[in-house]
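Student: I'd like a close look at the charged side chains, please. Could you take me through them slowly and then show me what else helps to place them?

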Amino acid sequence: MDFKGFDHPGAPAGDGTRSVKVMIAGGFGTGKTTMVRSVSDIKPLTTEETLTQASAGVDHLIGVTDKTETTVSLDFGKIGINDELVLYLFGTPGQERFWFLWNGLFKGALGAVVLVDTRRLASSFRAIEEMERQDVPFVIALNVFPDSPKHPVDEIRDALDISPDIPVVACDARDRSSSRDVLVALIRHLKERSAVVALEPR
């Protein structure tokens, strides 16, 4: 893929490599930390803490009852797409009690991946609303779990109430190549948008 002329908020590094900040968002337990871990070229920074009984009435574990840890601040990773482009990945916390951190995390972001668990579509509604509120371009990544129901893409779009121009791709957040394909889909989406609307720094 040719990235020459790709608009972005930062200047190219001394070696000509361009860097872009990308958010990995979604509901609680949709696979955000897993994606950052699987795709990062460096050892990722994670802020996962063990779920305790104290959070029993706060964190909603419906559909993710086997989850034992949760992100309490952010996840951070880095991946070089090619010699021209490096993505800095910022994973958001999914629980409602940590949503106040999102505003700071979105500053400077050029785009985002919203991870969706098709078993729990409603868990990602807030992330999509936040993308639209912050005017951050995004793609939907359907993280396929072993018992995920299969729905036509049009039905997913209707359920999530997203426009036809937003890409929807299936992925396995545990798999590096699958996660990388999602990021490439996001970059393509950003390039297509930049051909119509100039992307401005945030």
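**From a loop to the charged side chains**

Tutor: Let's start at D165, which sits in the loop between α4 and β8 (168–171). Keep in mind as we go that this is a predicted model. With a relative accessibility of 47%, D165 counts as partly exposed, because that class runs between the 20% and 50% cut-offs. Although D165 and H189 are 24 residues apart in sequence, their C-alpha atoms lie 8.8 Å apart in space.

Now step back into helix α4, where you will find D154. D154 has a relative accessible area of 55%, so it counts as exposed. This residue belongs to a patch of negative charge on the surface, where it gathers with E129, E132, E155, D158 and D161. Two helices, α3 (125–134) and α4 (153–160), each supply at least two residues of that patch. The biggest contribution comes from α4, which gives three residues.

Stay with α3 for a moment, as it also holds a salt bridge. R133 and E130 are the partners, with their closest N and O atoms 2.6 Å apart. Why do these two suit each other? They are three residues apart in helix α3, so about one helical turn separates them. An α-helix has 3.6 residues a turn, so residues three or four places apart point the same way. The two ends of this bridge have unlike surroundings: R133 is exposed at 55% relative accessible area, whereas E130 is buried at 3%.

How many salt bridges are there by this rule? The count comes to seven. One of them joins the side chains of R119 and D117, at 2.8 Å from N to O. Here D117 counts as buried, at 0% relative accessibility, while R119 is partly exposed at 30%. Both belong to a network of salt bridges that also links R120 and D147. Another bridge brings together the side chains of R174 and D172, with 2.9 Å from N to O. R174 counts as exposed at 59%, and D172 is partly exposed at 23%.

To place all this, compare the charged groups with some rings. The structure holds two aromatic pairs. In the stacked one, F76 and Y88 are 6.1 Å apart centre to centre, with 15° between the planes. F76 lies in strand β4 (residues 75–80) and Y88 in strand β5 (residues 85–91), so this pair ties together parts 12 residues apart in sequence. The other pair, F76 with F90, is edge-to-face: 5.1 Å centre to centre and 65° between the planes. F90 is in strand β5 and F76 in strand β4, so here the parts tied together are 14 residues apart in sequence. Ring pairs thus link F76, Y88 and F90 into a cluster. Within that cluster, Y88 is partly exposed with a relative accessible area of 29%, but F90 counts as buried at 17%.

Let's finish with helix α1 (residues 32–39). Six of its eight residues are buried, so α1 is largely enclosed by the rest of the structure. Those buried residues are K32, T33, M35, V36, S38 and V39. You can set that beside α4, where D154 is exposed and three residues join the negative patch.

Technical notes: Residues numbered from 1 in each chain as written. Predicted model: local features only at pLDDT ≥ 70, side-chain atom pairs only at ≥ 80, totals over all residues. Heavy atoms only, no water. Patch = residues over 30% accessible without salt bridge, like charges linked within 9 Å, V, L, I, M, F, W, Y side chains within 5 Å. Areas by Shrake-Rupley, 256 points an atom, 1.4 Å probe, with all protein chains shown as cover. Salt bridge = Lys/Arg side-chain N within 4 Å of Asp/Glu carboxyl O. Lys, Arg positive; Asp, Glu negative; His and termini not counted. Charge placed at Lys NZ, Arg CZ, Asp CG, Glu CD. Helix = DSSP H or I, 4+ residues; strand = E, 2+ residues; numbered from the N terminus. Buried < 20%, exposed > 50% of the residue type's maximum accessible area, 1.4 Å probe, protein only. Phe/Tyr/Trp six-rings, centres within 6.5 Å; stacked < 30°, edge-to-face > 60°.
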